[in-house]
Amino acid sequence: MVKGACNCGAVGFTVDEDLAGVFICHCSICRRSTGSAGIAVIIVENERFQWTHGEENISTWKKPNADWQCWFCKNCGSPLPGANDSRRTFIPAGLISDGGNALQVLHHIWVDSKASWDVIGDDGKQHPEAFRG
C-alpha cells in the first residue's frame, strides 16, 4: 500500500499497488502550474486509488478553452491527484510519503515544449509530445 498527502496533511490518499513508473511532463501548462520545469506524476487505475481524508479541502481550476484541469489543496496549495482520463488518476510524485521506494523516471513527455534551461539528466525515454503507450 502506498500513502501520500499534501504539504499540510489536510488531504491524504492511498494506492493499492506498487508504483514504479514516473512520467515527467515538460509542457508550458505544467510549467506554469508548478512554477518549475514541469510535473512528475504517476498514473494509476482509478479503482486502485482512494482518498483517505480531506476531500473537502480539494479545489480545482480548469484552463479556459483547453482540456486541462488541475487539483490542489485549498489550504497549502500543493498539487493533488486528479483525473488523467476516464480510467486513470494521475498522482504528483512528490506527494508519495510511504511506499515509493521503487519509483524511477520512465518517460518524459512534451519534450519539444520544454524550457530552454531544462536539462533532462536521466534515462527516461523522451517523447516530443504526449506518450502513446
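# Reading burial, salt bridges and a pocket

User: How is R48 classed by accessibility, and at what percentage?

Analyst: R48 is partly exposed because its relative accessibility is 36%. The classes are buried (under 20% relative accessible area), exposed (over 50%) and partly exposed in between, with a 1.4 Å probe and protein chains only. This is a predicted model, in which local features need pLDDT of at least 70, side-chain atom pairs count only at pLDDT 80 or more, and totals for chains, interfaces and linings use all residues. Residues are numbered from 1 along each chain as its sequence is written, and side-chain values use heavy atoms, with hydrogens and water left out.

User: Which acidic side chain meets R48 at 3.6 Å, and where do the two lie?

Analyst: A salt bridge needs a side-chain nitrogen of Lys or Arg within 4 Å of a carboxyl oxygen of Asp or Glu. Here D16 pairs with R48 at 3.6 Å, N to O. The two belong to distant parts of the chain, 32 residues apart, with D16 in the loop between β2 (12-15) and β3 and R48 in the loop between β4 and β5 (49-53). Strands are DSSP runs of E of at least two residues and helices are runs of H or I of at least four, numbered from the N terminus. D16 is partly exposed because its relative accessibility is 44%.

User: What other partner does R48 have?

Analyst: E17 also forms a salt bridge with R48, at 3.8 Å, N to O. E17 sits in the loop between β2 and β3 and R48 in the loop between β4 and β5, so this pair ties together parts 31 residues apart in sequence. With 26% relative accessible area, E17 is partly exposed. D16, E17 and R48 therefore need not be read as separate pairs: they are linked in a salt-bridge network.

User: How many salt bridges are there by this rule?

Analyst: The count is three. Besides the pairs made by R48 with D16 and E17, D85 bridges to R88, with the closest N and O atoms 2.3 Å apart. D85 is partly exposed at 26% relative accessibility, and R88 is partly exposed at 24%.

User: What is next to a charged residue that is buried and has no salt bridge, such as D118?

Analyst: For charge, Lys and Arg are positive and Asp and Glu negative, while His and the chain ends are not counted. D118 is buried without a salt bridge, and its nearest side chain of opposite charge, K114, is 5.4 Å away. The D118 side chain does make a polar contact of 2.6 Å with the side chain of H26. A polar contact is a pair of N or O atoms within 3.5 Å; within protein, one must be able to donate a hydrogen and the other to accept it, and sequence neighbours count only if both atoms are side-chain atoms. D118 is placed in the loop between β11 (104-109) and β12 (125-126).

User: What is the phi of W110?

Analyst: Most residues other than glycine have a negative phi. W110 has a phi near 55 degrees, a positive value in a residue other than glycine. W110 lies in the loop between β11 and β12 and is partly exposed, with a relative accessible area of 31%.

User: How much space lies in the largest pocket, and what lines it?

Analyst: A pocket is an open set of points on a 1 Å grid where a 1.4 Å probe fits, with protein on both sides within 12 Å along at least five of seven lines; lining residues have an atom within 4 Å of a point. The largest pocket holds about 1,100 Å³. Its lining has 33 residues, with I43, W68, N84, F90 and I109 nearest the centre. Elements that give two or more residues to this lining are β3 (21-25), α1 (28-34), β4 (39-45), β7 (69-73) and β9 (88-92). By class, 21 lining residues are nonpolar, seven polar and five charged.

User: How far apart in space are F23 and L106, compared with their 83 residues of sequence separation?

Analyst: Their C-alpha atoms are 6.1 Å apart. F23 belongs to strand β3 and is buried, with 18% relative accessible area. I58 and H26 are 32 residues apart in sequence, and 24 Å separates their C-alpha atoms. I58 lies in strand β6 (residues 58-62) and is partly exposed at 22%. For G9 and W117, 108 residues apart along the chain, the C-alpha separation is 32 Å. G9 is in the loop between β1 (2-5) and β2, and is partly exposed at 32%.

Terms used
Points joined across faces, edges and corners; volume = space filled by probe spheres on them. Nonpolar A, V, L, I, M, F, W, Y, C, P; charged D, E, K, R; others polar.
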